[in-house]
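Here's a quick walk through one protein model, written for someone who'd rather look than crunch. Keep the structure open while you read.

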Amino acid sequence: MSTQKFQAVRGMNDILPDQSGAWAFLETTLRRWLALYGYSEVRSPVLEPTGLFVRSIGEVTDIVEKEMYTFVDSLNGESLTLRPEATASCVRLAVQHNLLYAGPQRLWYMGPMFRHERPQKGRYRQFHQCGAEALGFAGPDADAELILMTARLWEMLGLKEVSLEINTIGSLECRQQHRRKLVEYFGQHVELLDEDSKRRLHTNPLRILDSKNPALSDLIEGAPRLMDALDDASAEHFESLQALLQAAGLQYRINPRLVRGLDYYNATVFEWVTPLLGAQSTICGGGRYDGLVEQLGGKPTPACGFAMGMERLLAVLQETRTEPLPEPGPDVYVVHQGEAAQQAAFLAADQVRSAGFAAVLHCGGGSFKSQLKRADASRAAYAMILGEDEVRAGQVSLKPLRGQGEQKTVSLAQAIQLLRT
Ligand code: ATP
Ligand code: MG
């Protein structure tokens, strides 16, 4: 028989047992946190019609131009795309199922996203996002609540070394005026632009501001600022947002260059950034997208939301949390020696589980010493020991493996009682 070994697709990670505890901790905390703010979970397919993303994210963006996994469904010729983000999916879902007829909606999702990027730390081809979308809220209180919410999450997680940047990109009208100024400014410096930016100069000059090319940073720094040409309503919205953030005691920096990489945004945009992940500095980004629901066939509906990258969140968490992340093990690991003990251990483990405690039964024999080593490695709180003496006396020994406490030899019922305390 010929054998063949396979590797996961490049840039797509397996999550192994020694990492899944941290993931579960993050997911549990996220669910608890989202419930605190009255958000409801939605789950949408990972595949959507390609047009959904092209329409919403925008034709001239990194995601649509270079990063989407798109293929033709050979059964019917339809173009499908693995979702690169989920705001478009959420809005599609809300419009398709008429959710907004019942009034504004606070929705959240969590799951894998797919982008064909160059894999590096904090940048993968399959990664995970958790996001929230507030549909039907004109703000700025909704914008402020979303931002405050994320700040509180960092506290719940024990996450440090993240800071908040905000900006406003105003209304469609002021972006159009600003666009003319950008074309003029960058047009005078065409020789300094890279290929992407040259191409985008006349199609989507705002995207040049979001360029990650360090060679462009001085040029971008000198570009005309949208902030200086805001209409009154946009300026007022931004002022009120800031007043709310200040009232809540949130520290932030206004970054006039912050535009975000997707076309559907208007008015408020924000990012939480960290110095710990090199160029992959953004762990959470969001903003307002008042035109998207209508653009995707719904009634005009103001909306805002954010998405956070869970791999980046975990990476920062692992570096900045003072307490280690929980690494769950079973409550007891059952070790045994001898034939009679094997059966007793098999039944004891069953009863421990019926009482609601996690029990791992040692399989495969070995000395007590080697079995206890396994028990320790399993991160169990206790070893339950069934040797010949215990079996003869109809008892078990319960040995604490973490912290203090003495080994006790008692009946199984008493041992289960001890687990409860
Ligand atoms: P970046 O500027 O790092 O490319 P982005 O602007 O493309 O990020 P968004 O589309 O705003 O990212 O996605 C929200 C968040 O999802 C990002 O802030 C980041 O934490 C995470 N994220 C985006 N792309 C990736 C990726 N390829 N791998 C891991 N996380 C990612
Ligand atoms: Mg990107």
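## The sheet and its helices

In this predicted model, S6 and strand S11 (residues 303–309) run antiparallel to each other and pair over seven bridges. If you want a spot to zoom in on, try Cys-130, whose bridge partner in S11 is Met-308.

That pair belongs to an open sheet of eight strands, ordered S1-S5-S6-S11-S10-S9-S7-S8, with mixed pairing. Which strands stand at the edges? They're strand S1 (40–41) and strand S8 (253–254); each has a single partner strand, so one side of each has no neighbour in the sheet.

Now for the helices that go with the sheet. H4 packs on it and touches S5 and S6, with its direction at about 45° to that of S6. H5 lies across S5, S6, strand S7 (163–168), S9, strand S10 (282–288) and S11, and its angle to S11 is about 20°.

## Odd spots in the backbone

A few loops are worth a click. The peptide bond between Gly-139 and Pro-140 is cis, with omega at about 5°. You'll find Pro-140 in the loop that links strand S6 (126–135) to helix H5 (141–157).

Two residues other than glycine have a positive phi, Asn-98 and Arg-379. Here's how they line up:

| Residue | Phi | Loop between | Relative accessibility |
|---|---|---|---|
| Asn-98 | near 55° | helix H4 (87–96) and strand S5 (105–114) | 45% |
| Arg-379 | near 65° | helix H14 (368–377) and strand S14 (382–386) | 32% |

Are they buried or exposed? Asn-98 counts as partly exposed because its 45% falls between the 20% and 50% cut-offs. Arg-379, at 32%, also counts as partly exposed.

## The second largest pocket

Rolling a probe the size of a water molecule over the atoms shows where empty space is left. The second largest pocket holds about 740 Å³ of space. Its lining takes in 35 residues, and those nearest the centre are Leu-172, Arg-175, Asp-263, Tyr-265 and Asn-266. Several elements give two or more residues to this lining, among them helix H2 (50–57), helix H10 (232–247) and strand S9 (266–273).

Which element gives the most to the lining? That's H6, with six residues. What's the lining like by class? It has 14 nonpolar, twelve polar and nine charged residues.

How values were computed. Residues are numbered from 1 along each chain as its sequence is written. Chains are lettered from A and ligands numbered from 1 in the order in which they are written. This is a predicted model: local features need pLDDT of at least 70, side-chain atom pairs count only at pLDDT 80 or more; totals for chains, interfaces and linings use all residues. Side-chain values use heavy atoms; hydrogens and water are left out. Helices (H or I, at least four residues) and strands (E, at least two) are DSSP runs, numbered from the N terminus. Buried means under 20% relative accessible area, exposed over 50%, partly exposed in between (1.4 Å probe, protein chains only). On a 1 Å grid over the protein atoms alone, a cavity is a set of points where a 1.4 Å probe fits but cannot get out, and a pocket is an open set with protein on both sides within 12 Å along at least five of seven lines; lining residues have an atom within 4 Å of a point. Grid points are joined across faces, edges and corners, and a volume is the space filled by probe spheres set on the points. Ala, Val, Leu, Ile, Met, Phe, Trp, Tyr, Cys and Pro count as nonpolar, Asp, Glu, Lys and Arg as charged, and the others, Gly among them, as polar. Two strands pair if DSSP finds at least two bridges between them. Contact means heavy atoms within 4.5 Å. Axes are lines fitted to C-alpha atoms, for helices over the stretch in contact, and angles run from 0 to 180 degrees between N-to-C directions.
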